[in-house]
Amino acid sequence: MSEEVLDELNLQQYNTSEEGRRRLIPAVRNCRKAELSGSFLSTSHWEVVASAMTSNPSHLRELSLIRNQNLTDAVVKLLSSAMMHPNCRLETLRLSGCSLSEISCGSLASALRSNPSHLRVLDLSGNQLKDPGVKLLVFSPGSSL
């Protein structure tokens, strides 16, 4: 794997098996934009993504996880914790169609409150967010939803 910083890592571009795509996950450490939409990653893969968000330096600016049905509350909490890290420079996070729960909304709200936030775009479209989850996000100080 090259140490050169990639502009984009898009797993859907590779004509390989799902397992082959999973083997590309460590490359997220050296990219500005990671398109991991519709991927079925394990906990260890999500830990690599979180590590990329907090590395020094972190190159990752845009993370797209659209239609990831396996984004459990634990995974969202892991990613939200990474967003709170001072090295995180994430500007765009796309979580459209991920079936986010109220617990996941709470984790994201905590990240929005405590991050010296570089985050400018948070896409939660296509989720069946219930009123309590939306309230957690909307009433987060610093939130502009």
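This short presentation covers the sheet and the cysteines of the structure shown above.

Colleagues, please note that this is a predicted model, in which local features need pLDDT of at least 70 and side-chain atom pairs count only at pLDDT 80 or more, while totals for chains, interfaces and linings use all residues. Residues are numbered from 1 along each chain as its sequence is written, and side-chain values use heavy atoms, with hydrogens and water left out.

I begin with the sheet. Five strands form an open sheet with parallel pairing, in the order S1-S2-S3-S4-S5. Strands here are DSSP runs of E with at least two residues, numbered from the N terminus, and two of them pair if DSSP finds at least two bridges between them. At the edges lie strand S1 (6-10) and strand S5 (121-123), each pairing on one side only. On average, neighbouring strands of this sheet are turned by 5 degrees against each other, direction ignored; the axes are lines fitted to C-alpha atoms.

S1 runs parallel to strand S2 (residues 31-35), and four bridges join the two. One bridge partner to look for is Glu-35 in S2, which is matched with Asn-10.

I turn now to the cysteines. How many disulfides are there, counting pairs of cysteine sulfur atoms within 2.5 Å? The count comes to zero. Cys-31 is in no disulfide, and the nearest cysteine sulfur, that of Cys-88, is 13 Å away. Why is there no bond for Cys-88? Its sulfur is 13 Å from the closest cysteine sulfur, in Cys-31, which is too far for a bond. Both residues are buried (under 20% relative accessible area, with a 1.4 Å probe and protein chains only): Cys-31 has a relative accessible area of 0%, and Cys-88 one of 2%.

Methods: Axes are lines fitted to C-alpha atoms, for helices over the stretch in contact, and angles run from 0 to 180 degrees between N-to-C directions. A disulfide is a pair of cysteine sulfur atoms within 2.5 Å. Buried means under 20% relative accessible area, exposed over 50%, partly exposed in between (1.4 Å probe, protein chains only).
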